[in-house]
Amino acid sequence: MKPSHWLLCSTTLTLALLASCETSKPATDASASAGSRNPAAAGGASGESMEANGIRLTPFSDSPKFPEAQIQLRSPIGNSTVASGEVPFDYQVTNFQLTKMSGGPRMAEMANAVKGQHIHNIVDNEPYSAHYEPRFAKAIPDGQHAVLSFLSRSYHESLKHRGAYDLRIINVGDAPAPATPIIDVKGPNLFYSRPKDTYAGADAKRIMLDFYLVNTTLAPGGTRVRATINGAEFMLDRWMPYQMEGLPAGENTVKLELIDGSGNMIPGAYNSVTRTFTVTP
């Protein structure tokens with residue numbers, strides 16, 4: 001083979017291999033790009049800040065990505081009935097290490113779980129319990145309940161891609177299941193995650209607002225989340241975590257509502273929720 005011909009073939013093969021490697025890159029975490037207004041917001045440190053009544057709300061998208069992470073709740077089975085009292089949960093978690101610190105620039109800015117990455121287990125949209133092992137038992141009252149589970153970074157930011165959560169109904173005790181399920185698991189649903197409890201010292205400077213959406217997406221002019229923080233209203237059209245700054249000492253209030261393009265509430269058992277938390281300088 002002539003040298004020039006060999007060089008051409010070698011160059012062509014190299015370019016083909018590079019193209020193949022490029023197309024095999026995994027997709028990023030949905031929280032990094034969903035609804036981003038510009039490339040900088042999608043791949044940079046943050047998007048545009050919003051301010052009202054001295055409170056600043058800033059979305060961010062530079063957290064470590066875990067696009068292959070998966071969680072599967074093996075038991076209790078959806079729509080099953082379990083005995084009263086402590087309900088045993090058994091998860092299979094893959095491509096995600098529980099108890100590991102997540103790292104990244106946000107870890108040093110916000111409150112962290114000292115035990116690292118974990119599972120958020122939310123029953124009936126009540127405050128979550130954090131779990132660092134895939135098997136545990138949790139006391140749940142008799143009756144029908146909606147259980148949302150999702151993977152969380154060490155600073156409590158949820159993983160938002162398909163496969164990183166599980167939503168199901170379970171029945172506890174011997175009471176018959178209601179004719180109408182407690183929640184439509186196939187409908188648009190909003191769940192509250194953070195903030196929670198008390199923030200003190202450095203943790204109180206930047207406090208994360210994070211929520212979970214199931215069977216819906218956000219878009220400008222379309223479905224949005226109306227966040228009312230201490231009476232100040234913010235319209236969120238991107239499903240991302242947000243940093244809150246300028247919160248006063250004492251009790252603070254967050255109200256989240258899932259609304260349509262006309263500003264009307266979207267029906268759903270938990271699509272309007274109000275929580276309080278405490279800031280201690």
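The exercises below work through a predicted model of one protein chain.

**Exercise 1. Overall make-up**

Task: State how many helices and strands the chain has, and what share of its residues is buried.

Solution.
- Step 1. Counting the elements gives two helices and 18 strands.
- Step 2. The chain has 281 residues, and 47% of them are buried.
- Step 3. The accessible surface of the chain is about 13300 Å², with 55% of it belonging to carbon and sulfur atoms.
- Step 4. Take the contacts between residues at least 6 apart in sequence: 68% of these join residues at least 24 apart.

**Exercise 2. An open sheet**

Task: Find the order of the strands in the open sheet of five strands, and say which strands stand at its edges.

Solution.
- Step 1. Reading across the sheet gives S1-S2-S16-S13-S11, and the pairing is antiparallel.
- Step 2. The edge positions belong to strand S1 (50-52) and strand S11 (189-194). Each has a single partner strand, so one side of each has no neighbour in the sheet.
- Step 3. On average, neighbouring strands of this sheet are turned by 25° against each other, direction ignored.
- Step 4. One pairing inside the sheet is that of strand S2 (residues 55-59) with strand S16 (residues 242-245), which run antiparallel and are joined by four bridges. Within this pair, Arg 56 has Glu 245 of S16 as its bridge partner.

**Exercise 3. The largest nonpolar core**

Task: Give the number of residues in the largest nonpolar core and name the strand that supplies the largest share.

Solution.
- Step 1. The core has 62 residues. Those with the most contacts inside it are Leu 209, Phe 211, Val 225, Leu 236 and Leu 256.
- Step 2. Strand S13 (residues 207-214) supplies the largest share of this core, with six residues.
- Step 3. Take Leu 209 as an example. Beyond its neighbours within four places in sequence, its contacts include Leu 57, Ala 227, Leu 236, Met 244 and Leu 256. Arg 194 and Pro 195 are also among the contacts of Leu 209.

**Exercise 4. Backbone features in loops**

Task: Locate the cis peptide bonds that precede Pro 76 and Pro 195, then examine the phi values of Asp 197 and Asn 230.

Solution.
- Step 1. Ser 75 and Pro 76 are joined by a cis peptide bond with omega about 5°. Pro 76 sits in the loop between strand S3 (70-75) and strand S4 (81-82).
- Step 2. Arg 194 and Pro 195 are also joined by a cis peptide bond, with omega about 5°. Pro 195 is in the loop between S11 and strand S12 (198-200).
- Step 3. Asp 197 lies in the loop between S11 and S12. Its phi is near 70°, a positive value in a residue other than glycine. With a relative accessible area of 51%, Asp 197 is exposed.
- Step 4. Asn 230 has phi near 50°, a positive value in a residue other than glycine. Asn 230 is in the loop between strand S14 (224-229) and strand S15 (232-236), and at 30% relative accessibility it counts as partly exposed.

**Exercise 5. Salt bridges**

Task: Describe the salt bridge between Glu 48 and Arg 238, then look at others in the structure.

Solution.
- Step 1. The whole structure holds 13 salt bridges.
- Step 2. In the pair of Glu 48 and Arg 238, the closest N and O atoms are 3.0 Å apart. Glu 48 is in the loop between helix H2 (39-43) and S1, and Arg 238 is in the loop between S15 and S16, so the pair ties together parts that are 190 residues apart in sequence.
- Step 3. Glu 48 is partly exposed at 30% relative accessibility, whereas Arg 238 is buried at 2%.
- Step 4. Arg 153 and Glu 157 form a salt bridge with an N to O distance of 3.2 Å. Arg 153 is buried at 0% relative accessibility, and Glu 157 is buried at 1%.
- Step 5. Asp 166 pairs with Arg 168, the closest N and O atoms being 2.8 Å apart. Both residues are buried.
- Step 6. Asp 62, Arg 106 and Glu 109 are joined into one network by salt bridges that share partners.

**Exercise 6. The setting of Asp 90**

Task: Decide whether Asp 90 is buried or exposed, and list what Asp 90 touches.

Solution.
- Step 1. Asp 90 lies in strand S5 (residues 85-94).
- Step 2. The relative accessibility of Asp 90 is 19%. Buried means under 20%, so Asp 90 counts as buried.
- Step 3. Not counting residues up to four places away in sequence, Asp 90 touches Gln 72, Leu 73, Arg 74, Ser 75, Pro 134 and Arg 135.

Key:
Residues are numbered from 1 along each chain as its sequence is written. This is a predicted model: local features need pLDDT of at least 70, side-chain atom pairs count only at pLDDT 80 or more; totals for chains, interfaces and linings use all residues. Side-chain values use heavy atoms; hydrogens and water are left out. Buried means under 20% relative accessible area, exposed over 50%, partly exposed in between (1.4 Å probe, protein chains only). Contact means heavy atoms within 4.5 Å. Accessible areas come from the Shrake-Rupley method with a 1.4 Å probe; for residues, only the protein chains shown count as cover. Two strands pair if DSSP finds at least two bridges between them. Axes are lines fitted to C-alpha atoms, for helices over the stretch in contact, and angles run from 0 to 180 degrees between N-to-C directions. A nonpolar core is a set of buried Ala, Val, Leu, Ile, Met, Phe, Trp, Tyr and Cys residues joined through side-chain atoms within 4.5 Å. A salt bridge is a side-chain nitrogen of Lys or Arg within 4 Å of a carboxyl oxygen of Asp or Glu.
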